[in-house]
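The exercises below concern one protein model. Please examine the sequence and the structure before working through the solutions.

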Amino acid sequence: METCGIPNELQSFLNERKQLKLWPAKRKKQLMALWYLAGRLEAGKTYSESEINVLLDEWTTFHDPATLRRELYNHFLLDRLSDGRQYWRTEEIPPLETFLSTYL
């Protein structure tokens, strides 16, 4: 599956605008959601914290960018400067199955 693809198991968590409607309760689907969101970030681009927050708010309807930002960072999908002023997507997002097997 492509990085920007949407896993079938995640479809029911997305609305018609491809926004996450809610945070999944099951760990596997949470990981799929993080992988999906990371795939929407532009590779090679540096974002400010406020830019990341705006994007995460646009891509979700439950608006918790701090939690999503932290989870993306903790799962090595997003990197940042130590002061948190700049963020960027990691160079290579692993294939979904590889990503899931790392954290499940």
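Five exercises follow, each with a worked solution.

This is a predicted model, in which local features need pLDDT of at least 70 and side-chain atom pairs count only at pLDDT 80 or more, while totals for chains, interfaces and linings use all residues. Residues are numbered from 1 along each chain as its sequence is written, and side-chain values use heavy atoms, with hydrogens and water left out.

**Exercise 1. Overall architecture**

Determine the order of the elements of the protein from the N terminus on, and state how its radius of gyration relates to the globule rule.

Solution.
- Step 1. The protein contains four helices and three strands; these are DSSP runs numbered from the N terminus, helices being H or I with at least four residues and strands E with at least two.
- Step 2. Their order is α-β-α-α-β-β-α.
- Step 3. The radius of gyration is 13 Å, close to the 13 Å that the globule rule gives for 104 residues, so the protein is as compact as a globular protein of that length. The radius is taken over C-alpha atoms, and the rule is 2.2 Å times the number of residues to the power 0.38.
- Step 4. The C-alpha trace spans about 35 × 30 × 20 Å along its principal axes.
- Step 5. Of the contacts (heavy atoms within 4.5 Å) between residues at least 6 apart in sequence, 53% join residues at least 24 apart.

**Exercise 2. The surroundings of helix α1**

Establish how many residues of α1 are buried and what covers them.

Solution.
- Step 1. Helix α1 comprises 14 residues, 27–40, and reaches 20 Å from its first C-alpha to its last. This is close to the expected 20 Å at 1.5 Å a residue, the expected span being 1.5 Å times one less than the number of residues.
- Step 2. Buried means under 20% relative accessible area, exposed over 50%, and partly exposed in between, with a 1.4 Å probe and protein chains only. On this basis 10 of the 14 residues of α1 are buried, so the helix is largely enclosed by the rest of the structure.
- Step 3. The buried residues are Q30, L31, M32, A33, L34, W35, Y36, L37, A38 and G39.
- Step 4. The cover over these residues includes α2 (49–58), α3 (65–74), β3 (86–89) and α4 (96–103).

**Exercise 3. Salt bridges**

Identify the partners in the three salt bridges, and assign each partner as buried, partly exposed or exposed.

Solution.
- Step 1. A salt bridge is a side-chain nitrogen of Lys or Arg within 4 Å of a carboxyl oxygen of Asp or Glu. The structure holds three.
- Step 2. E9 pairs with K28, with the closest N and O atoms 3.4 Å apart. E9 lies in the segment before α1 and K28 in helix α1, so the pair ties together parts that are 19 residues apart in sequence. E9, at 37% relative accessibility, is partly exposed, and K28 is partly exposed at 34%.
- Step 3. E49 and R69 meet in a salt bridge at 3.2 Å, N to O. Since E49 belongs to helix α2 and R69 to helix α3, the pair ties together parts that are 20 residues apart in sequence. E49 is partly exposed at 33%, whereas R69 is buried at 12%.
- Step 4. D83 forms a salt bridge with R85, the closest N and O atoms being 2.6 Å apart. D83 is partly exposed at 44%, and R85 is exposed at 57%.

**Exercise 4. A buried arginine and its strand**

Locate the side chain of opposite charge nearest to R89, then describe the surroundings of W88.

Solution.
- Step 1. R89 is in strand β3.
- Step 2. R89 is buried but has no salt bridge, the nearest side chain of opposite charge being E92, 7.0 Å away. Here Lys and Arg count as positive and Asp and Glu as negative, while His and the chain ends are not counted.
- Step 3. A polar atom of the R89 side chain lies 3.1 Å from the backbone oxygen of L41.
- Step 4. W88 is also found in strand β3 and is partly exposed, at 26% relative accessibility.
- Step 5. Leaving aside residues up to four places away in sequence, W88 touches K45, T46, L78, D79, R80 and L81.

**Exercise 5. The loop residue H75**

Decide whether H75 is buried or exposed, and list what it touches.

Solution.
- Step 1. H75 lies in the loop between α3 and β2 (78–80).
- Step 2. With a relative accessible area of 7%, H75 is buried.
- Step 3. Not counting residues up to four places away in sequence, H75 touches R27, L31, L34, F99 and Y103.
- Step 4. The C-alpha atoms of H75 and F99 are separated by 9.0 Å, the two residues being 24 apart along the chain.

Terms used
A polar contact is a pair of N or O atoms within 3.5 Å; within protein, one must be able to donate a hydrogen and the other to accept it, and residues adjacent in sequence count only if both atoms are side-chain atoms.
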